[in-house]
Amino acid sequence: MRSDLARKRQAGLSIVELVIVAAIIAFVTALAVPNFLRWSDDERVKSAARSVSDAFNLARSEAIRTGDNHLLIFGMALSATEPIVVVNDGPQTTANCTIDANEVVHFVAAAQGVNWGTSTGAANGTLGPDDAGALPANVATGWTFSDAGGANTASWILFQADGIPRTFTASGGACTAIGTAGQGGGGIYLTNNNRDYAVVLRPLGTARVHKWDPNASAWSN
């Protein structure tokens with residue numbers, strides 16, 4: 001009799017313990033899941049920024065290596081699913097800016113939850129270090145590259161054999177005659193509305209990634 005009662009008490013205590021453990025696990029999970037999702041989102045936008053920088057560096061290095069014109073086309077110039085494409089446009093003094101067979105060298109696909117521009121109330125409208133451009137009134141456009149006159153945003157950058165980025169002379173940077181050296185600098189801005197990154201292409205062709213520090217209200221160097 002006592003043995004049966006003791007077993008029942010032990011079983012009852014085990015059930016209580018299991019309920020307590022389950023409650024603790026549920027509590028910890030409720031705290032951890034949002035933090036993990038936020039961390040995952042932040043890693044995604046950081047990876048996207050690095051991919052943009054890699055695309056700049058690839059276009060430049062391939063232009064130097066091959067001597068061919070290499071275009072980096074970004075924004076909605078192509079599509080939302082492949083927002084950045086590197087194209088070998090051939091050994092020409094002027095580019096035809098057409099994507100012919102086998103000319104695509106590399107593309108950066110759109111990342112889930114990552115948008116052009118900077119988040120409102122954070123880096124909103126603040127240029128990254130060494131970006132001499134100017135964010136357009138519609139910051140969500142997400143880049144500061146402009147045509148040779150500097151009046152209109154451009155979504156085409158050309159690298160030639162010297163590795164120096166250039167824009168085109170037409171209004172809005174549309175593909176026409178190639179502009180002079182030193183006019184191809186600018187930045188591409190990415191956000192997940194929690195973290196902001198600036199990928200800055202310098203006029204001489206090197207690219208750097210900067211992160212917005214909300215505590216310091218400044219970009220990292």
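Is Ser119 buried or exposed? At 5% relative accessibility, Ser119 is buried, because anything under 20% gets that label. Keep in mind that this is a predicted model. The protein chain has 221 residues, and buried ones make up 38% of them. Below is a quick tour: the overall layout, then the strands, then the loops around Ser119 and Asn193, and a pocket.

**Overall layout**

- The protein chain holds 1 helix and 10 strands.
- Reading from the N terminus, the order is α-β-β-β-β-β-β-β-β-β-β, so the helix leads and the strands follow.
- Take the contacts between residues at least 6 apart in sequence: 53% of them join residues at least 24 apart.

**The five-stranded open sheet**

- One open sheet has 5 strands in the order β3-β2-β1-β5-β6, and the pairing is antiparallel.
- Its edge strands are β3 (104–108) and β6 (165–166), each of which pairs on one side only.
- Strand β2 (residues 84–90) runs antiparallel to β3, and 4 bridges join the two.
- If you want a specific pair to look at, Ile84 has Val108 in β3 as its bridge partner.

**β7 and its partners**

- How many of the residues of β7 are buried? The count is 6 of 6, so this strand is mostly covered.
- In a regular strand, side chains alternate between the two faces of the sheet.
- For β7, both faces are covered. Gly186, Ile188 and Leu190 are buried on one side, and Gly187, Tyr189 and Thr191 are buried on the other.
- β7 pairs with β4 in the antiparallel sense over 2 bridges, and Trp116 has Leu190 in β7 as its bridge partner.
- β7 also pairs with β8, again in the antiparallel sense, over 6 bridges. Here Gly186 has Leu201 in β8 as its bridge partner.

**Ser119 and its surroundings**

- Ser119 sits in the loop between β4 (115–116) and β5 (156–159).
- Its side chain makes a polar contact with the side chain of Asp196, at 2.8 Å.
- Leaving out residues up to four places away in sequence, Ser119 touches Asn124, Thr191, Asn193 and Asp196.
- Of those, Thr191 is one of the buried residues of β7, while Asn193 belongs to the loop between β7 and β8.

**Asn193 in the hairpin**

- Asn193 lies in the loop between β7 (186–191) and β8 (196–201). The hairpin of these two strands has 4 residues between them.
- Is Asn193 buried or exposed? Its relative accessible area is 56%, and since the exposed label starts over 50%, Asn193 counts as exposed.
- Most residues other than glycine have a negative phi. Asn193 is not a glycine, yet its phi is positive at about 70°.
- Asn193 touches Asn115 and Ser119, again not counting residues up to four places away in sequence.
- C-alpha to C-alpha, Asn193 and Thr120 are 7.5 Å apart in space, despite being 73 residues apart in sequence.

**Asp130 and Thr153 in the β4–β5 loop**

- Asp130 lies in the loop between β4 and β5, and Thr153 lies in the loop between β4 and β5 as well.
- Asp130 has a positive phi near 60°, in a residue other than glycine.
- With a relative accessible area of 33%, Asp130 is partly exposed, because that value falls between the 20% and 50% cut-offs.
- Thr153 is partly exposed for the matching reason, with a relative accessible area of 36%.
- Thr153 and Gly133 are 20 residues apart in sequence, and their C-alpha atoms are 9.7 Å apart in space.

**The second largest pocket**

- Rolling a probe the size of a water molecule over the atoms shows where empty space is left.
- About 160 Å³ of space lies in the second largest pocket.
- Which residues lie nearest the centre of this pocket? They are Ala132, Gly133, Gln183, Gly185 and Gly186, from a lining of 13 residues.
- By class, the lining has 8 polar, 3 nonpolar and 2 charged residues.
- Two of these names came up earlier: Gly186 is a buried residue of β7, and Gly133 is 9.7 Å from Thr153, C-alpha to C-alpha.

Key
Residues are numbered from 1 along each chain as its sequence is written. This is a predicted model: local features need pLDDT of at least 70, side-chain atom pairs count only at pLDDT 80 or more; totals for chains, interfaces and linings use all residues. Side-chain values use heavy atoms; hydrogens and water are left out. Buried means under 20% relative accessible area, exposed over 50%, partly exposed in between (1.4 Å probe, protein chains only). Contact means heavy atoms within 4.5 Å. On a 1 Å grid over the protein atoms alone, a cavity is a set of points where a 1.4 Å probe fits but cannot get out, and a pocket is an open set with protein on both sides within 12 Å along at least five of seven lines; lining residues have an atom within 4 Å of a point. Grid points are joined across faces, edges and corners, and a volume is the space filled by probe spheres set on the points. Ala, Val, Leu, Ile, Met, Phe, Trp, Tyr, Cys and Pro count as nonpolar, Asp, Glu, Lys and Arg as charged, and the others, Gly among them, as polar. A polar contact is a pair of N or O atoms within 3.5 Å; within protein, one must be able to donate a hydrogen and the other to accept it, and residues adjacent in sequence count only if both atoms are side-chain atoms. Two strands pair if DSSP finds at least two bridges between them.
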